[in-house]
Amino acid sequence: MQDDLILETISVTKNFFGDKSTGVNNITIFVPKGKITAIVGESGSGKTTLLNLLFGTLQPDHGEVFFKEERVLSREHGIQHAHKVMRMVTQNGVDMNPKSSVWETVRDGMPPEDRSHEIKLVTEALNMLNIYPLRDYPFGKLSGGEKQRVTIAKALISRPQVLLLDEPFNQVDAYYREALQHDIRQIVREWKTTVVLVSHDPAEILSMADELIVIKEGEIVEHGPPDQLYHSPKLLYTSQILASSSMLTSTQAKVCGIKSKRGIVVVYAEHVKIAAIGKKWLIKMILFKGFFEELIIDNNDVTLRVMNYNRGKYKVGGKVSIKITRYFEFGKWEN
Ligand SMILES: Nc1ncnc2c1ncn2[C@@H]1O[C@H](COP(=O)(O)OP(=O)(O)OP(=O)(O)O)[C@@H](O)[C@H]1O
């Protein structure tokens, strides 16, 4: 394995009950050391299965998993070095004792040799995740978002070499979500931790990940840096996962002034510019998105999403004209 890689799967397959439409098939991935790799894909595409194979909670039917040079078997075959230096944070923290306090829960994540530094290390971890004031609360009494933060603190206190995160922020409210994303990035930079992240949130994936792996029906269909996949998706599937967009048939594209030979045209909301108040496009809906808004506009044949930073300028029922600055074409059957 190359020095800059830490985890690798070679042609790994894991199906459930012998059914090839479940789990993952023939997956080869390379996880770079000290970076954030995000696994993205629609629900049921095999993301969690892949994470479990990396973590050793599942044994592949075929193929191999490597941590550095070490071939890793699942945990049921015995705990290996790789298992000791990896931590996984799942969506619900089900393996926590509901009666343990937040302090005890996080402390239990510490390796025995660090126990003499308990006060310093637990305080540091609780502060990092903004949960110090909750230190005496029982885990079971916390909200979903608080539980997620405690689970992450418990995973981080051992300074793992690899942190596997399965939808780690889905219950954290917007304010803490951003703070947490920032903190995780900081930890990756300072501690050189490797993170493998599963997420449904395009904003999260694009802002956090250094590398993306796109998975569909248990297979890898595309991979690369987020900006490359976002700006030049090879597949319709990837464009739909990463961006707020409108998908048009070639007939609908023609209405927008786009001649398409391939069959399907995808227009990102950010590539539709409102040129002027006009007649053709009716504003059907305005979705508040914080510092910007998304307009849903319609001209009877086509509905488009438009990103608008001029908040408050347009009203539902008003009419505008538009300019499409960029679009992507896909063949009908490629996905
Ligand atoms: N333990 C299991 N037993 C049977 N089938 C399973 C098991 N785990 C996963 N599967 C099936 O394998 C496929 C992939 O599941 P997986 O949980 O890996 O998908 P996912 O991409 O993580 O989905 P989601 O985004 O909804 O969490 C699904 O069809 C799922 O039903």
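Start by colouring the protein chain by its domain assignment, which gives domain 1 (5-239) and domain 2 (244-331). Put a marker at the C-alpha centre of each one: the centres of domain 1 and domain 2 lie 36 Å apart. Keep in mind that this is a predicted model. Its scores are ipTM 0.97 and pTM 0.89. If you switch to colouring by confidence, the protein chain averages a pLDDT of 90, and 97% of the residues score at least 70.

**Stop 1: the ligand**

Now select the ligand and the residues around it. Which residues surround the ligand? Show Phe-16, Thr-22, Gly-23, Gly-41, Ser-43 and Gly-44, then carry on through Ser-45, Gly-46, Lys-47, Thr-48 and Thr-49. Two elements give two or more residues to this shell: strand 2 and helix 1 (47-55). Click on helix 1 next, since that is where you'll find the largest share of the shell, three residues. Then try colouring the shell by residue type: one residue is nonpolar, nine are polar and one is charged.

**Stop 2: two unusual backbone angles**

Go to strand 1 (residues 5-16) and pick out Ser-11, which is found in that strand. Phi of Ser-11 is near 45 degrees, a positive value in a residue other than glycine. Is Ser-11 buried or exposed? Ser-11 has 12 other C-beta atoms within 10 Å, so it is exposed; the cut-off for that label is 12 or fewer.

Move along to Phe-17, in the loop between strand 1 and strand 2 (19-32). Here too phi is positive in a residue other than glycine, with Phe-17 near 55 degrees. How many other C-beta atoms lie within 10 Å of Phe-17? There are 6, so Phe-17 is exposed.

**Stop 3: the nonpolar core**

Time to look inside. In soluble globular proteins, nonpolar side chains tend to be buried together. The largest nonpolar core in this model has 88 residues, and the members that touch the most others are Ala-125, Ala-153 and Leu-164. Keep your domain colours on for this one, as the core draws at least three residues from each of domain 1 (5-239) and domain 2 (244-331).

Finish by centring the view on Ala-125. What is Ala-125 in contact with, once its neighbours within four places in sequence are left aside? Select Val-106, Ala-153, Leu-156 and Ile-157, and you have the contacts of Ala-125 on screen. One of them, Ala-153, also appears with Ala-125 among the core members that touch the most others.

How values were computed:
Residues are numbered from 1 along each chain as its sequence is written. This is a predicted model: local features need pLDDT of at least 70, side-chain atom pairs count only at pLDDT 80 or more; totals for chains, interfaces and linings use all residues. A nonpolar core is a set of buried Ala, Val, Leu, Ile, Met, Phe, Trp, Tyr and Cys residues joined through C-beta atoms within 7 Å. A residue is buried if 20 or more other C-beta atoms lie within 10 Å of its own, exposed if 12 or fewer, and partly exposed in between; C-beta atoms are placed from the backbone. Domain bounds come from an automatic or database domain assignment. Two residues are in contact if their C-beta atoms, placed from the backbone, lie within 7 Å. Helices (H or I, at least four residues) and strands (E, at least two) are DSSP runs, numbered from the N terminus. A residue is near a molecule or strand if its C-beta atom, placed from the backbone, lies within 6 Å of it. Ala, Val, Leu, Ile, Met, Phe, Trp, Tyr, Cys and Pro count as nonpolar, Asp, Glu, Lys and Arg as charged, and the others, Gly among them, as polar. pLDDT is the predictor's confidence in each residue, from 0 to 100.
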